[in-house]
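Hi,

Here is the structure I promised to pass on. Have a look at it first, and then read my notes underneath.

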Amino acid sequence: MTQACHRKCVPPHYKESELSKGECVCLDRCVAKYLEVHERMGKKLTELSLQDEELLKRMQQGTGPA
C-alpha cells in the first residue's frame, strides 16, 4: 500500500520538502480505498470460511448438501 500510493501520488522528483495539498489528498484517498478493499476482502473471506466449515460439518455428519 505504501509503495503503490507513493508511486501514484508523489512525483519521482521532489520539488519541495513537504507534500503539497494535492499530494496529501491523493494519499488520503489512496489509503482509504486500499483499507476499504482490504476490509471487504476480509469479510468475504470470513464468510467463505464459515460456509466451508458448515459444509465440512455436514459432510462429516453424512448429511451433505441437498
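Let me start with a pair on helix α2: Lys44 and Glu47 sit three residues apart there, so about one helical turn separates them. The two are joined by a salt bridge, with 3.3 Å between the closest N and O atoms. Both ends are partly exposed: Lys44 has a relative accessible area of 44%, and Glu47 comes out at 37%. Before I go on, please keep in mind that this is a predicted model.

That salt bridge has company, as the count for the structure comes to four. Another one links the side chains of Lys43 and Glu39, at 3.3 Å from N to O. These two also belong to helix α2, where they are four residues apart, about one turn of the helix. Here Lys43 is exposed, with 55% relative accessible area, while Glu39 is partly exposed at 45%. Further along, Arg58 pairs with Glu54, and their closest N and O atoms are 3.6 Å apart. Once again both residues lie in helix α2 with their positions four residues apart, about one turn. Arg58 is partly exposed at 38% relative accessibility, and Glu54 is partly exposed at 39%.

Now for the cysteines. A search of the whole structure turned up two disulfides. In one of them, Cys5 bonds to Cys30, with the sulfur atoms 2.0 Å apart. This bond connects distant parts of the chain, since Cys5 is in helix α1 (residues 2-9) and Cys30 is in helix α2 (residues 21-61), 25 residues apart. The torsion about its S-S bond is about -85°, so this disulfide is left-handed. Both partners are buried: Cys5 has a relative accessible area of 3%, and Cys30 has 13%.

The other disulfide joins Cys9 and Cys26, again with 2.0 Å between the sulfurs. Cys9 is in helix α1 and Cys26 in helix α2, so this pair ties together parts 17 residues apart in sequence. The link is left-handed, with -70° about the S-S bond. Its two ends differ in how they are covered: Cys9 is buried at 8% relative accessible area, whereas Cys26 is partly exposed at 23%.

Counting the bonded cysteines along the chain, the pattern is 1-4, 2-3. Which cysteine does that leave out of any disulfide? Cys24 is in none, and the nearest cysteine sulfur, on Cys9, is 9.8 Å away. Cys24 is partly exposed, with a relative accessible area of 33%.

One residue you may want to look up is Glu23, which is found in helix α2. Glu23 is buried but has no salt bridge. The nearest side chain of opposite charge belongs to Lys15, 7.7 Å away, and a salt bridge needs a nitrogen and an oxygen within 4 Å. What does Glu23 touch, leaving aside its neighbours within four places in sequence? Its contacts are Cys9, Val10, Pro11 and Glu18, so Glu23 meets one end of the disulfide between Cys9 and Cys26.

Last, there is a nonpolar patch on the surface, formed by Met1, Tyr34 and Leu35, which together have about 290 Å² of accessible area. Met1 comes from the segment before α1 and is partly exposed, at 38% relative accessible area.

Happy browsing, and write back with any questions.

Definitions and conventions
Residues numbered from 1 in each chain as written. Predicted model: local features only at pLDDT ≥ 70, side-chain atom pairs only at ≥ 80, totals over all residues. Heavy atoms only, no water. Disulfide = S-S within 2.5 Å. Buried < 20%, exposed > 50% of the residue type's maximum accessible area, 1.4 Å probe, protein only. Lys, Arg positive; Asp, Glu negative; His and termini not counted. Contact = heavy atoms within 4.5 Å. Patch = residues over 30% accessible without salt bridge, like charges linked within 9 Å, V, L, I, M, F, W, Y side chains within 5 Å. Areas by Shrake-Rupley, 256 points an atom, 1.4 Å probe, with all protein chains shown as cover.
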